[in-house]
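Subject: A structure to look through

Dear colleague,

I am passing on the structure below, together with an account of what turned up in it. Please keep it open beside this message while you read.

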Amino acid sequence: FAKAPTYNQLDTVNLRDQGIPSDERSTNVLAASGDLVYGATSGDGCHIFRFDPKAKTVTVLATIPGPNTVLKGFVLDGDVIYAGTMLTKEQVWWLARKNGGARELDDAWLYPIDDGWRTGRLYRITGISGPGPKLEDLGVPVKGQGIHTLAFDPKRRLLYGLTAPAGRFFIYDTASGKTETITFGTTLSAVSNHMVGSVEVVKDLTRFTPGEAEFNLKMISKAMHVMSDGVLYTSGQDGRIIRYDPKVAEPRKRFTAAGWIPSVPGRQNWNSIDEIVERDGILYMGASDGYIFRFDPRTNEIGNVGKPVSSVEVMGMAFSPLDGLLYGINGGADQGVSRFWCLDTSRGTFEIDYPAVKVFNLKPMADVAVTRGGVIVMAETERIANLWALTPGTPKEGEKSGTIPESDPPDTKVP
């Protein structure tokens, strides 16, 4: 990577010009395949799309009726996409109010998900690289729940998922169409800061967050990763890294806690994993508190690299095939301002805000994907969202990450 070119050209791809209207453009998830990037929008309609960074064109492959959200329920399997829908707390509150609901917004996820809301459904889109993709509705894997996060085991042909709002773990067999859910009995928990006392609830992989039911209800992981041996990693059980081994016969015993997610002292329970990427058998994870850390599945050893910026939430991460660096974005959903960074994993050092990406610091971003040719694609998450493509070129004299050149530098001479 010694002669790798510098990323120095950022192009905006306006989704309105690509035929996707406002309120249907917020994009939470991207996935690269070769030199193409696939993704899904959310809002009044969900558009499953293919993006060609070279041509700067977006092709809509299928449209799912809304209001709906595709958060991290999105995986590629060759020429097939599996996408799952859910409703955000705001979308649930709006639909419930239309039907006479009187709860406050903070308690919206306590409403049962109505079958008529057309959410929580799993879709399969085939032929995604060609001119005639087909959309197939596979139904609702877990009744009364949305699909928050998905991962795919190509050897077993299984989809793993976490639901919203419960954070329930499920397995969908793509061959038989059957779903298995795994729970852990029942427990007593406070489910709202507006309601006194505890109630009996199902004990799921994701537990209710102590003292913060009003804000988060549950810290559901936005990432699930399947290793080559079929072992899956995600988070749950009060802020821990969770290992799931499909070879264990008894369902509940397939789950073991592999360690605590790095956090500031006292915040262990208020943590989940936002992103997982694999390189040379090591998992690089991004925590909801904003920390980037290494995890070795062979030893369970955790190495906390730190936080690139003060922002919480890791919106996306991906390795570049050009320079071997890990690129990512922190901040966006809760804080609304995203910051771009890269990590040299061999040195453990960050660089923040490349000059070419200084303009999107006021935009909330949601995910990052890198093509085979090294183009870094990023997605905005707002009602008039767009895509961004960062491409390499010859570095300018004196150009360095974190340094934003000024067109009219201030006079710093001392009189």
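A hairpin is a good place to begin: strand 3 and strand 4 form one, with four residues between them, and Lys56 in the turn has a positive phi of about 60°. Please bear in mind throughout that this is a predicted model. Strand 3 covers residues 36-52 and strand 4 covers residues 57-68, and the two pair in the antiparallel sense over nine bridges. If you would like to trace one of these bridges yourself, start from Arg50, whose bridge partner in strand 4 is Thr59.

Lys56 deserves a second look, since it lies in the loop between strand 3 and strand 4, and its phi near 60° is a positive value in a residue other than glycine. As background, most residues other than glycine have a negative phi, and most peptide bonds are trans. Is Lys56 buried or exposed? It falls between the two, because its relative accessible area is 27%, and this counts as partly exposed. Asp238 can be read alongside it: this residue is not a glycine either, and yet it has a positive phi of about 65°. Asp238 is found in the loop between strand 16 and strand 17, the latter being residues 240-244, and with a relative accessible area of 29% it is partly exposed.

The peptide bonds offer two further points to check. A cis peptide bond, with omega about 5°, joins Gly66 and Pro67, and Pro67 has its place in strand 4, the strand that pairs with strand 3. Another cis peptide bond joins Ala164 and Pro165, here with omega about 10°, and Pro165 lies in the loop between strand 10 (158-164) and strand 11 (169-173).

Taking the chain as a whole, you will find one helix and 29 strands. Of its 415 residues, 55% count as buried, and the accessible surface comes to about 18000 Å², with 49% of that belonging to carbon and sulfur atoms. Among contacts between residues at least 6 apart in sequence, 49% join residues at least 24 apart.

One sheet can be followed strand by strand, for four strands form an open sheet in the order 15-16-17-18, with antiparallel pairing. Its edge strands are strand 15 (225-226) and strand 18 (255-260), each of which pairs on one side only. Strand 15 is joined by two bridges to strand 16 (residues 232-236), and these strands run antiparallel; Val226 has Leu232 in strand 16 as its bridge partner.

Beyond strand 18, in the loop that leads to strand 19 (273-279), is Arg267. Its relative accessible area of 28% makes Arg267 partly exposed. Which residue does the side chain of Arg267 meet in a polar contact? It is Asp289, through its side chain, at 3.1 Å, and although the two residues are 22 apart along the chain, their C-alpha atoms are separated by 9.0 Å.

Another acidic residue, Asp296, lies in strand 21 (residues 292-296). Asp296 counts as buried, because its relative accessibility is 13% and the limit for that word is under 20%. Leaving aside residues up to four places away in sequence, Asp296 touches Ile282 and Glu301.

A second hairpin is made by strand 25 and strand 26, again with four residues between the strands, and here Gly348 takes a positive phi near 75°. Four bridges join strand 25 to strand 26 (residues 349-352), and the two run antiparallel; the bridge partner of Trp341 in strand 26 is Ile352. Cys342 is found in strand 25, which covers residues 339-344, and its C-alpha atom is separated by 6.7 Å from that of Ile352, ten residues away along the chain.

Finally, the cysteines. Cys342 is buried, with a relative accessible area of 2%, and Cys46 is buried as well, at 0%. A disulfide is a covalent bond between the sulfur atoms of two cysteines. How many disulfides does a search of the whole structure find? The search finds zero.

With best wishes

Technical notes:
Residues are numbered from 1 along each chain as its sequence is written. This is a predicted model: local features need pLDDT of at least 70, side-chain atom pairs count only at pLDDT 80 or more; totals for chains, interfaces and linings use all residues. Side-chain values use heavy atoms; hydrogens and water are left out. Two strands pair if DSSP finds at least two bridges between them. Buried means under 20% relative accessible area, exposed over 50%, partly exposed in between (1.4 Å probe, protein chains only). A disulfide is a pair of cysteine sulfur atoms within 2.5 Å. A polar contact is a pair of N or O atoms within 3.5 Å; within protein, one must be able to donate a hydrogen and the other to accept it, and residues adjacent in sequence count only if both atoms are side-chain atoms. Contact means heavy atoms within 4.5 Å. Accessible areas come from the Shrake-Rupley method with a 1.4 Å probe; for residues, only the protein chains shown count as cover.
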